[in-house]
Structures are given as structure tokens and as C-alpha cells.
Amino acid sequence: MRYRTQAVAYAYFAVALLLYGLQMVFGILSITKYLGPDPIKAFLPFDVSKEIHTNVLIVWVLTGFMGAAYWLVPEESRTELHSPRLAYWQLGLWTVAGVTAVVGYLFGWTEGNKLLEQPMPVKFAIVVVMLMFLYNLGMTIWKAKKLTTTEGVLVAGLALTAILYLPALLTFDNYTVSIYYRWWTVHLWVEGVWEMVQGGLLAYLLIRLSGADREVMEKWLYVIVGLTFIAGILGTAHHYFWIGVPGYWQAIGGFFSALEPLAFLGMAIYAYMAMRRSGLAHPNRLALHWTIGSAVFSALGAGILGLAHTWPSVNRWTHGTMITAMHGHMAFFGAYVMIVLAMITYAAPGLFGHDQEGSESPTGLWAFWLQMAGMFGMTMAFAAAGISQTYLERILGLGYLETQHKIQVHFLMVLGTGLLFSLGVGLFLYDFFFLAPGRRTAPATWPATADAKG
Amino acid sequence: MTKRQTRAFFLGSTGLFSLIFLALTIDSHRQFGALTHADQITPEVVAGKHVWHRKNCVNCHTLLGEGAYYAPDLTKIADQRGAPYLRSFLADPARFYNEERDRRLMPNLKLSPQEIDEVIAFLTWVGKIDNHGWPPRPILVSGAAIPGSNVGGAAPQAASDDPVAVGQALFGQSSPGCFACHSTSPGVNLVGPSLAGIAATAEARVKAPDYKGKATDAAGYIHESVMDPNAYLVPGATFSSNGQSLMPPGFGQSLQPAQVDALVAYLMTLK
């Protein structure tokens, strides 16, 4: 750790990981309900467990992004953070808002709008948190008078994340129009500006881990985010096919969605070339695993599996089936979960005062491989469920309930592989919270810097 | 390629495609009114949308294919089931589905009668949105399209002008969608009673002392049941509620007299 104030990242990572664990609990509960009957539906029905599962995911990934930015920006701008105190207050407010939302959901306090269920006061708190965050980052960069391309892409991605949350505050009487703008937040986050965040973090990690030339890496980073937006902005249309919009969105959505894998494939090639050119010699092998894993898994989950059902004539039959769950799980994991875990494992030696070599523990590697295997299995199980569902329900015309009954074995597979995955998550948390602090080799002091602030 | 050039590529392409997206958004707004029949968004429909959100329906069901995959899609439900059925179902879902048998059961949301009417109005409006013909085949809540419909292919077409063939095809088509609620297999009661052996059943029923309708023969009874489902209420928990049949009441208007005759001709063959 080069700057003392980078330590705020630890608090963010800790909160993010606790929520990651919570997400598992509600994921397992949700898939168990698919097997039915559900003895606890009176006080925790499926809609609530699923809502918490997805909302906690969004909150913890964003928490991870924030922690990663607080780690990365001081290093890139070569200065202490503008105000660590503000960063802690921000985390406090963010956590309170997140916990309030989750508890509220348990009692039916929801806006019932998929992925944007947060009640209005919570939404406002989120806006305030984002403003605190961007102010703190902005002031840090402004005072340092130094902005690298890597952090520029990261911070721009985070700023656009905040801006694109604003459509979520709007309400419309026309359901079609509500859906139209809901996707401005949801799609343009996950298939747009979050990819900027992922690209920025990936560039940073690759430069640090492989020692690849910064000029070259940053040059290609622009190409990757350029491709992301060429495909991603008009690719929003693949959510518009069947909601009551003009017909031209089908042609546009089909074409630009087909381009969406390019940016993800670009990232995988980017990582591969960096490694080929500069080697895999970095001692933090665990961070290398997560970094390369993210580049590969996002190409597969977000790129290829997304393309599997965005062509309009395919989507006509698969829309609203388990096929979407197949793509969603692997895409989110590969692109966003893995990049956050890569940042956590990369920063861990600095945060804990380890030698870099100390970070590749057997527990850490088990956590990695169990999550990989679990997610791969879940994706396959969702795919089998989705294909069967599409065929039986949409093509043969069996009733929804009969179809769900016939594909139960796939839900059982989701549960089994989901438990495997959760075990991996559990080991990651155990390593971070219990094992890592005990492996400290360096003193917990950092070189004082002239511009450090309280 | 230099870094300056790739930056220009990023900024230029992002700007260009954002502008195209905004322009298409403006054009879409010009068309939303007609495509969604926005003039039919009454205060009741808006109130129903609020019920839809407040009760978190979208985190189990899909609507227009969007939502969660734990419960059936509701895009065309108002058309498929009709308001009387939905009113009765929403008041007490456990009357219609059994958690042991179906593995899932919608919780009773304790909606007021007014909220129920509002959400039905909302779903009725959604069903009319011009969404390019999605879903391509009806998504049934329960029951199979087999038997009684042409499984696996396009909607059945009559093989000839014979009224029985025309009626059989009509029975399996998504409008009127008879097959969605009535099976033709003995003992398989979906939402409505099984129509296996309906010709014989009808024959016996018109002679029964509790029959108060106007029909005098089996064909007349079937005709009357289509045109006026309330004329005789078949005993059964899910078939009627408060003295009113749960079968959609509008077939007398939506079907041509010749179509009703064809359906009757077909059903009269089920002995």
C-alpha cells in the first residue's frame, strides 16, 4: 500500500463480502422454493427472497467498485485521498440505505419494479452516496492534477453509473414507457458503463500484475470501451422487442446485440496478450487467477451466452424463460463479481501487511475453483432448464405449471451446484476475515506522505 | 494507431450512437400512444399498475415476458381467463391450485375487491398492447394443450369445410382458446370441466330436474353454454363463484354464429 488512505478500501471490501455471503443465503432459499412446496412462504415468499438476492448483488458489487476506486485512484493520481472521513461516512450511509432496503423488503416495503425495487427514500439516499463518492474522487484527482487513462475510464464509468440511475427516479402511467426507461438504468449499467468500470479495473490489474506497457494497455482500453458503447447503447433494444415499441427496434436490437460480445472478447484477448507479452510472473497468483478468470468468464457469460438469445427470432421463443437466468448468472459473475474479487485479492497483501507471496493460500485457491465450478454447473443447469422450458411450454404448449414440474431435476442441479458455489464464497470470506489477518508479515505502518489528510 | 486516435474513436462512436439512440427514443415516443392504446389508460388502469407494483407481482410473474420466472406470464391472462375467473382466483388462489400437487401456490395477497378490479383492468389493458404478436403461442397457466389441440405445430387449421372439422380446429386455436380451460380427456378437469363425453352429458342434463335453462336437446344445451355460460352452472369449486360461471362471457359476441355452430357440431361428436 503506497498511500495510507487507501486503507478505506478495506472497510468497503469487508461490507461487500458480508453482503456477498447474504446474497448466497437468499439465492439458495430462492432455488429451494422452485422445488416446492414452500413451507415458509407465509413470511418469506419467493418474490421477497428473489428481490433480496438480486438487490444485495447490486449493492455489494457497487460497494466493491467503490472500494476498488478508493484503492486505485490515490495510486494512479499519486496522492492521498481527499477525505477518508467522507469515505467512511459515505460507506455508513450506503450500508444503512442497503440494510433498510433489505429489511423493508421483508416487510413488503417495495416499489415492485424489477431490480429497481428500492423505495423512494432509499433511492434518494443512493443518489446522495454517489454524489459524496464522486466528490471525494473528483477532489482527489483535481488536487493531484494527475489523471491517468485507466482511472479516467474507471471514474467516468462510475459517474455515468450515477447519472444513469436518475431514470430510475421517474414514474410513468404507461407500463410500456416505464419499461422503456427502466432499461436505461439496468441495461446501460450492466451492458454499458459497468463495462467501463470493469475495463478500467482490468487495465489497472493487468498493468500491475503483468508489468505490461501502460501506453499500449491504455490505448487498447479506449478501443474496448468504444466497442462496448457502439454495441451496448443500441443493444438496449434487445429488451424492447416485445414490450410495445416500434418494429425497427427488432432489427436494431438484433444487429447491435450481435456486436456486444466483441467488447468482451476484446477484454479476453487484451488479458491474454498482456500475459503473453509480459509473462505471468507476478507473485500474487490468486489475483492473477481472478483477473484472467474475469476476462474469460465475462466473454463466455456476458458475451456468448447473451448472444445465444438476443436474436429476435430466437428471443421470440426464449423470452421470459430460464434461458435469461442462465445468461444473467454467468454474466454478472464473470464481468462484475470476479473483477471485484480480483481487486480484493490484489489489494489484500497491502491491506493486511502481507508479502505478495503470502496471498496465494490453499483456501484462496479452493475459493476460486469452487466458485468457478459452481457457477459453471449452475449455468449449465439453468441452460438445460431453459431449453426444456422453451420446448415444452412455448413450442409444445404444455401448461406453465406442468412444465415446471417436468424440469424439476434441473432445479435440483441448480441447488447442488449453487451449494458448491456458496461453499466457495464461504471459503473466500473465511480467508478474508479470519485467515488473512493472521498472516501479517509486514508492520502495520505506512510511509507518511506530505499531503495526507485526516 | 495512437492513443489519441483510439480516444477519438471511443468518444466519437459513443457520441454518435448516443445521438442515434436519443433520436429513436423521440420517434418511439411519437408512436407509444398508438402502439399501447394510451387513450385506454384510465385511472382504474393506473391504479391497477400501482397494485401490480405495490404487491411486487413482477418478482414472481412475467408481464410482457419481463419479471421473474417463478410463476406464469400474465400478458394475455385477462383474455385467456376472463374477469369473473380472475376475480375469484385473486380473492383466494388456494381454491384453484393445490400446493402439494402443483408444487407452487400463489400467496393470498388479501386484495380488496376494488384492488382486484383495478389490477384486472391493468392486465386487460396490457393484453391489448401491440407487441409484435408475442407470445407466438399462448402460454398456458396449467394443463396441456394436448389433447384437443394440434401439439407442436402452428395453430390448427380445419381440414375441410365440414362443421365438425372447423369446430375442432377452432377449439384448438388461441382465440377462442377453449382448450386452455377444457380438456377433452375423461376426468381431466383443468379450470373448466372436462368436455370428454359432453354430448352424452348434455343429453342427460337437459332432462335433469335441476336444469332450468331453455335448451331441449344436447346440441341446444352446448350452444346455450357457449352463448350464456350462466344458464346452467356445472357443480365444481373452480367452475363458478357466487352463482356466476367463471367462463369468459363474451363468446356470444366474439364468435360468428357459424363458428358457434361448428363448435357445437364438434363437441357433439364427443360421446
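**Chat: chain B's domains, the core and the contact with chain A**

Modeller: In this predicted model, seven residues of domain 1 of chain B touch 11 residues of domain 2 of chain B, with contact meaning C-beta atoms, placed from the backbone, within 7 Å. Residues are numbered from 1 along each chain as written, chains are lettered from A in the order written, and local features need pLDDT of at least 70.

Colleague: Which element gives the most to domain 1's side there?

Modeller: Helix H4 (residues 83-91) of chain B, with three residues; helices are DSSP runs of H or I, at least four residues, and strands are E runs, at least two, numbered from the N terminus.

Colleague: And where are the domains of chain B?

Modeller: Domain 1 is 35-127 and domain 2 is 163-267, with bounds from an automatic or database assignment. Their C-alpha centres lie 25 Å apart.

Colleague: New topic: how many residues has the largest nonpolar core?

Modeller: 211. A core is a set of buried Ala, Val, Leu, Ile, Met, Phe, Trp, Tyr and Cys residues joined through C-beta atoms within 7 Å, and buried means 20 or more other C-beta atoms within 10 Å of a residue's own. Leu206(A) is among those with the most contacts inside it.

Colleague: Which helix gives the largest share?

Modeller: Helix H11 (residues 322-352) of chain A, with 23 residues. Both domains of chain B also give residues to this core, so it lies between them.

Colleague: How many residues does each chain put into the A and B contact?

Modeller: Chain B puts in 65 and chain A 57. On the chain B side, H1(B) gives the largest share, 16 residues.

Technical notes
Predicted model: local features only at pLDDT ≥ 70, side-chain atom pairs only at ≥ 80, totals over all residues. Contact = placed C-beta atoms within 7 Å. Buried ≥ 20, exposed ≤ 12 C-beta atoms within 10 Å, placed from the backbone.
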